[in-house]
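Here is a report on one protein chain. It starts with the chain as a whole and then takes up sheets and helices in turn.

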Amino acid sequence: MKDLSVFKQFTKQSKSIQFKTDGKAVIYTRVSTKEQADNNASLETQLKYCKEYALKKNIEVAQYFGGTYESAKSDERKQFQKMLTFVKRRNDIGYIIVYSYDRFSRTGANGAYISDQLKKQGIVTISATQEVDTSTSAGSFQQNLYYMFSQFDNELRRDKIMTGMREKLRKGHWTGSLPFGYNNLNPGAGKTPNYVINEKGKLLKQGFLWKVNNNMSHVEIAKRLKRKGLNSITAKKLSKYFRNPFYCGLIISSIIPDEVIEGSQEAMISKKEFLKIHDLLRSRSDGNKYTLDDENLPLKMFLRSAICDTPYTGYIVKKKGLYYYKNRRIGSKENRSAKKLHLSFLTHLERFQVKDEKLIEPLKIIIKEKFLALNKDAITDSKRYENDILTIEKKLNRLEERFVFEEISKEQYNRFRRILQKDKDEILKLTYQTGFNSSNLNKAIEKGLKLAVNLSLLWQSGDIETKRKLQYMLFPEGIKYDLKNDSFRTTRINSIFKAISVISTDSGENKNGILHKKNEESLSVERKGFEPSKRCRLHAFQACAFDHSATSLNIYFSLQ
């Protein structure tokens with residue numbers, strides 16, 4: 001049989017993309033900033049080139065989008081999304097015309113992905129000034145390169161801007177919007193700023209003084225300031241301002257992490273006053289209101305009787321100017337000189353101090369090994385939860401993709417998104433309840449060991465805040481004191497320091513200098529030890545960051 005036309009009924013349809021070569025176009029223009037939009041020159045130029053391209057290619061323009069300022073760092077732009085929705089719903093749109101590919105997107109791979117998805121629907125993204133044939137593999141590759149170069153250019157600009165901002169901050173000059181209460185009398189690029197307190201700032205300064213001198217509540221301060229004409233101040237805002245070191249002449253920013261810079265601004269209060277307010281706020285959060293007596297009695301309420309578990313308070317013999325600790329139990333005669341008790345406590349702290357820095361590296365290995373062994377179940381659960389969250393996030397991304405390309409309705413999208421988000425939130429809650437977070441384990445162990453080299457010195461030289469935080473870091477549930485034997489008992493010890501105590505003792509007893517496990521059970525702690533009570537969590541959290549002269553601690557010792 002020579003005539004095969006009868007077999008055409010069995011031929012397959014082409015799977016290649018069918019472009020709408022006779023389709024209409026939309027034009028999308030944008031600039032990055034409001035200033036560029038107000039100038040409008042760039043937008044007019046883009047529109048002119050896009051129109052000329054459409055006329056040259058004999059393409060009818062159905063609609064115009066953009067014409068305003070939208071940053072292309074993200075593809076969640078209102079006009080951009082409006083344009084995408086329009087072209088997907090119209091069967092007669094075959095082209096999106098832009099001035100250049102960086103006007104379409106500067107998100108690199110994501111911009112290329114959006115173009116590819118549009119291409120599958122027969123819609124081609126065209127640049128009026130960077131003409132490539134996207135119907136070929138080479139053309140598609142070239143288009144994707146433009147997107148990647150745009151993203152690279154964005155990152156280079158960001159690095160340059162960030163470098164400039166860091167230099168400005170390190171010179172003591174603020175970047176971004178000034179904190180409330182300040183004006184810059186010498187604005188402008190390249191000029192040396194002159195930050196001064198404005199009229200509202202002078203009223204806020206009065207609020208700072210009320211706080212530092214009278215420990216007045218934020219609500220009362222806000223009311224008084226309102227009566228003076230400062231209506232914009234709320235108790236919540238005051239709490240934020242009272243915690244901002246900018247007001248005492250310093251500059252702190254996430255752009256220069258772990259750095260404190262002496263600022264060029266006029267200070268609203270002294271550094272000493274700011275720290276006093278900080279202490280008031282911290283003591284308020286954990287229920288402690290420190291007094292002059294507390295400076296001399298740091299173990300007050302932290303120390304409890306080994307006999308009856310009653311806490312110790314304190315008093316001063318004014319004639320002699322001497323402080324004493326006294327057990328609160330009625331009829332108790334458990335009194336002890338603060339000076340003597342502090343010496344005993346310092347001796348006790350030395351048990352948890354690394355006496356030989358050569359032990360630090362072996363200790364890191366042993367502590368981590370023991371910790372992971374004790375938390376094997378928590379680690380397994382944590383990994384499972386992480387995988388479950390990743391699975392849900394993939395489903396959420398797929399759901400969003402289907403909604404964007406109109407495979408599902410908005411009602412379906414919202415309904416399933418709520419279900420998935422609820423499942424994700426429940427798993428996140430379980431993740432928190434496991435009490436295990438491995439991401440900072442190595443850092444916590446390393447910093448804990450460094451701290452342990454000078455443990456007793458830090459406590460001895462520290463102020464009341466430093467002493468209290470160190471105490472609760474080591475002994476989250478406090479410590480018991482046996483007056484008769486002048487000794488201490490602990491119900492729970494921080495895992496790092498418990499390991500130090502055991503291993504340091506082992507190394508001291510081993511003449512060959514070889515570390516060994518003296519008592520396998522000695523490092524064991526109850527599972528609940530890694531799920532501290534609310535009070536213990538609070539003290540551990542407060543220990544995350546505090547400063548005492550040149551000493552800075554940034555560690556979460558409870559190892560949750």
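A residue counts as buried under 20% relative accessible area, as exposed over 50%, and as partly exposed in between (1.4 Å probe, protein chains only). By that rule, 42% of the 560 residues of the chain are buried. The model is predicted: local features need pLDDT of at least 70, side-chain atom pairs count only at pLDDT 80 or more, and totals for chains, interfaces and linings use all residues. Residues are numbered from 1 along each chain as its sequence is written, and side-chain values use heavy atoms, with hydrogens and water left out.

## The chain as a whole

The secondary structure comes to 20 helices and 16 strands. These are DSSP runs, numbered from the N terminus: helices are H or I with at least four residues, strands are E with at least two. The accessible surface of the chain is about 32800 Å². Carbon and sulfur atoms hold 51% of that surface. Areas come from the Shrake-Rupley method with a 1.4 Å probe; for residues, only the protein chains shown count as cover.

Contact means heavy atoms within 4.5 Å. Among contacts in the chain with a separation of 6 or more, 65% join residues 24 or more positions apart.

## The parallel sheet

Two strands pair if DSSP finds at least two bridges between them. Four strands form an open sheet in the order S2-S1-S3-S4, with parallel pairing. Strand S2 (61-69) and strand S4 (124-127) are the edge strands, each pairing on one side only. From one strand to the next, the twist averages 20 degrees. Axes here are lines fitted to C-alpha atoms, for helices over the stretch in contact; angles run from 0 to 180 degrees between N-to-C directions.

Helix H3 (residues 78-89) packs on this sheet. H3 touches strand S1 (24-31), S2 and S3, and its direction makes about 165 degrees with that of S2.

S1 is mostly covered, with seven of its eight residues buried. Seven bridges join S1 to S2. Tyr-28 has Phe-65 in S2 as its bridge partner. S1 also pairs with S3 in the parallel sense, over five bridges. There, the bridge partner of Ile-27 is Ile-97 in S3.

Strand S3 (residues 93-98) runs parallel to S4, and four bridges join them. Tyr-95 stands opposite Val-124, and Val-98 has Ser-127 as its bridge partner. Which way do the residues of S4 point? Val-124 and Ile-126 point one way, Thr-125 and Ser-127 the other, and all are buried.

## The mixed sheet

Three strands form another open sheet, in the order S9-S13-S14, and the pairing is mixed. Strand S9 (303-305) and strand S14 (487-490) stand at the edges, each with a single partner strand, so one side of each has no neighbour in the sheet. Neighbouring strands are turned by 40 degrees against each other on average, direction ignored.

Strand S13 (residues 479-482) pairs with S14 in the antiparallel sense over four bridges. Ile-479 has Thr-490 as its bridge partner, and Asp-482 has Ser-487. S13 and S14 form a hairpin with four residues between them. In the turn, Asp-486 has a positive phi of about 50 degrees.

Helix H12 (residues 338-349) lies across S9, S13 and S14. H12 runs at about 55 degrees to S14.

## Two helices checked for length

The expected span of a helix is 1.5 Å times one less than its number of residues. For both helices below, the span agrees with the distance between the end C-alpha atoms.

| Helix | Number of residues | Expected span | End C-alpha distance |
|---|---|---|---|
| H14 (residues 376-404) | 29 residues | 42 Å | 42 Å |
| H16 (residues 441-453) | 13 residues | 18 Å | 19 Å |

The buried residues of H14 include Ala-378, Ile-379, Ser-382 and Tyr-385. Ile-389, Ile-392, Leu-396 and Leu-399 are also among them. H14 is followed by Glu-406, whose phi is positive, near 60 degrees.

In H16, the buried residues include Leu-441, Ala-444, Ile-445 and Gly-448. Leu-449, Leu-451, Ala-452 and Val-453 are buried too.

## Cysteines

A disulfide is a covalent bond between the sulfur atoms of two cysteines. The cut-off used here is a pair of cysteine sulfur atoms within 2.5 Å. How many disulfides does a search of the whole structure find? The search finds zero. Cys-50 is buried, with a relative accessible area of 0%. Cys-248 is buried as well, at 3%.
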